[in-house]
Amino acid sequence: MGDPHPKLHATDLTRGFGRPPHVVDALGPLELTVAPGEFVCVVGPSGCGKSTLLRIAAGLLRPSTGQLRIRTSSPRPAAMIFQDYGIYDWKSVRANVRFGLDVQRVPRREANARADAWLDRLGLADFADAYPAALSGGMRQRVAIARGLAVEPELLLMDEPFAALDAQLRTILQDELLALTQSLRTTTLFITHSLEEAIVLGDRVLVMSARPGRIIAEHHPPFPRPRTGEVRTDPEFTALKSELWDLLRKEAAPA
Ligand SMILES: Nc1ncnc2c1ncn2[C@@H]1O[C@H](COP(=O)(O)OP(=O)(O)O)[C@@H](O)[C@H]1O
Ligand SMILES: [Mg+2]
């Protein structure tokens with residue numbers, strides 16, 4: 001990338017777990033640059049280090065070697081991550097969604113309005129005053145998604161956020177995320193198991209090898225911005241999907 005100020009920049013990044021002589025090499029070496037406004041999707045076989053990469057980017061985990069730098073310029077949060085549900089059982093659904101806005105000291109009236117708008121979009125309007133214990137797993141995941149998107153972060157880090165949802169809701173949320181990130185120019189690093197999801201959403205789709213995950217291919221879905229979910233019916237969509245699937249199948253196959 002020619003941008004001198006990428007939002008995210010990783011060089012020689014590796015991460016191992018455990019102590020010698022029992023170190024498990026989980027990730028890398030890996031180089032990654034994400035330009036401002038870019039939407040980068042990462043796909044790879046299970047256990048290849050995708051979550052490890054995202055945890056490093058979120059500052060939750062240190063690399064073993066190399067470094068990962070994040071540069072943001074606004075008072076908006078640098079990152080939100082949806083890995084597990086991570087929602088608070090003692091807060092109402094609305095208060096959970098409002099959480100990041102409260103941290104930012106957004107006035108309560110505005111914060112409630114923004115939280116309610118996101119709950120509405122995610123089909124949870126009737127549950128604003130409920131507590132998470134009353135929700136299904138898919139609904140809890142939607143609360144976590146609403147909370148992350150409500151702060152309109154400058155850099156969005158997402159780890160398979162839609163994986164637990166049914167196909168219909170998944171499609172709706174992909175389209176919502178497309179519209180949101182395109183209108184706000186949100187820089188996004190998005191990890192997914194789903195090739196379709198990666199192709200619909202990504203400016204770039206990076207394919208990782210089996211563990212320790214390295215980037216073995218990079219594709220640019222050829223659909224101009226602003227893009228909508230209609231690209232799913234484009235013949236080029238199907239072609240790219242099968243090309244990526246061939247790559248992944250090789251990585252997932254036992255050696
Ligand atoms: N905290 C940890 N301690 C030990 N091993 C770990 C830890 N986190 C991840 N790993 C190992 O690192 C590898 C990559 O894990 P992960 O990043 O979760 O993969 P992915 O998200 O691609 O499925 C796996 O072999 C996993 O077992
Ligand atoms: Mg993972």
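**Exercise 1. The loop between β8 and β9**

Determine where Arg211 lies in this predicted model, and whether Arg211 is buried or partly exposed.

*Solution.*
Step 1. Arg211 is found in the loop that joins β8 and β9.
Step 2. The two flanking strands are β8, residues 204-208, and β9, residues 215-219, which pair in the antiparallel sense over four bridges. One bridge links Leu206 to Glu218 of β9.
Step 3. Together β8 and β9 make a hairpin, with six residues between them.
Step 4. Arg211 has 19 C-beta neighbours inside 10 Å and therefore counts as partly exposed; the class of buried residues begins at 20.

**Exercise 2. Contacts of Arg211**

State which residues Arg211 touches, leaving aside those up to four places away in sequence, and give the separation of Arg211 from Ser46.

*Solution.*
Step 1. Arg211 touches Ala26, Gly47, Cys48 and Gly49.
Step 2. Along the chain, Arg211 and Ser46 are 165 residues apart, yet 8.7 Å separates their C-alpha atoms.
Step 3. Both Arg211 and Ser46 belong to the residues that surround ligand 1.

**Exercise 3. The shell around ligand 1**

Describe the residues that surround ligand 1 by position and by class.

*Solution.*
Step 1. The surrounding residues are Phe17, Val24, Ala26, Gly44, Ser46, Gly47, Cys48, Gly49, Lys50, Ser51, Thr52 and Arg211.
Step 2. Two elements, β2 (24-34) and α1 (50-57), each give two or more residues to this shell. The greatest contribution is that of α1, with three residues.
Step 3. Sorted by class, the shell holds four nonpolar, six polar and two charged residues.

**Exercise 4. The setting of α1**

Explain why α1 is described as largely enclosed by the rest of the structure.

*Solution.*
Step 1. The buried residues of α1 are Lys50, Thr52, Leu53, Leu54, Ile56 and Ala57.
Step 2. Because six of the eight residues of α1 are buried, the rest of the structure largely encloses this helix.
Step 3. Just after α1 comes Gly59, with a positive phi of about 80°.

**Exercise 5. The largest nonpolar core**

Identify the residues that touch the most other members of the largest nonpolar core, and the helix that gives the most to it.

*Solution.*
Step 1. The core has 58 residues, and Cys41, Val43 and Ala146 touch the most other members.
Step 2. Helix α4, residues 137-150, gives the most to this core, with six residues.
Step 3. The core takes at least three residues from each of domain 1 and domain 2.
Step 4. Not counting residues up to four places away in sequence, Ala146 touches Val97, Trp118, Leu119, Leu122 and Leu124.
Step 5. As general background, nonpolar side chains in soluble globular proteins tend to be buried together.
Step 6. Gly148 also lies in α4. Gly148 counts as buried because 24 C-beta neighbours fall inside 10 Å. From Gly148 to Ala125, 23 residues apart in sequence, the C-alpha to C-alpha distance is 17 Å.

**Exercise 6. The two domains**

Characterise the contact between domain 1 and domain 2.

*Solution.*
Step 1. The domain assignment places residues 8-80 + 153-252 in domain 1 and residues 87-152 in domain 2.
Step 2. The C-alpha centres of the two domains are 25 Å apart.
Step 3. To the contact, domain 1 gives 12 residues and domain 2 gives 10 residues.
Step 4. The side of domain 1 that touches domain 2 has nine nonpolar, no polar and three charged residues.

Definitions and conventions:
Residues numbered from 1 in each chain as written. Chains lettered and ligands numbered in written order. Predicted model: local features only at pLDDT ≥ 70, side-chain atom pairs only at ≥ 80, totals over all residues. Near = placed C-beta within 6 Å. Nonpolar A, V, L, I, M, F, W, Y, C, P; charged D, E, K, R; others polar. Pairing = 2+ DSSP bridges. Core = buried A, V, L, I, M, F, W, Y, C linked by C-beta atoms within 7 Å. Buried ≥ 20, exposed ≤ 12 C-beta atoms within 10 Å, placed from the backbone. Domains from an automatic or database assignment. Contact = placed C-beta atoms within 7 Å.
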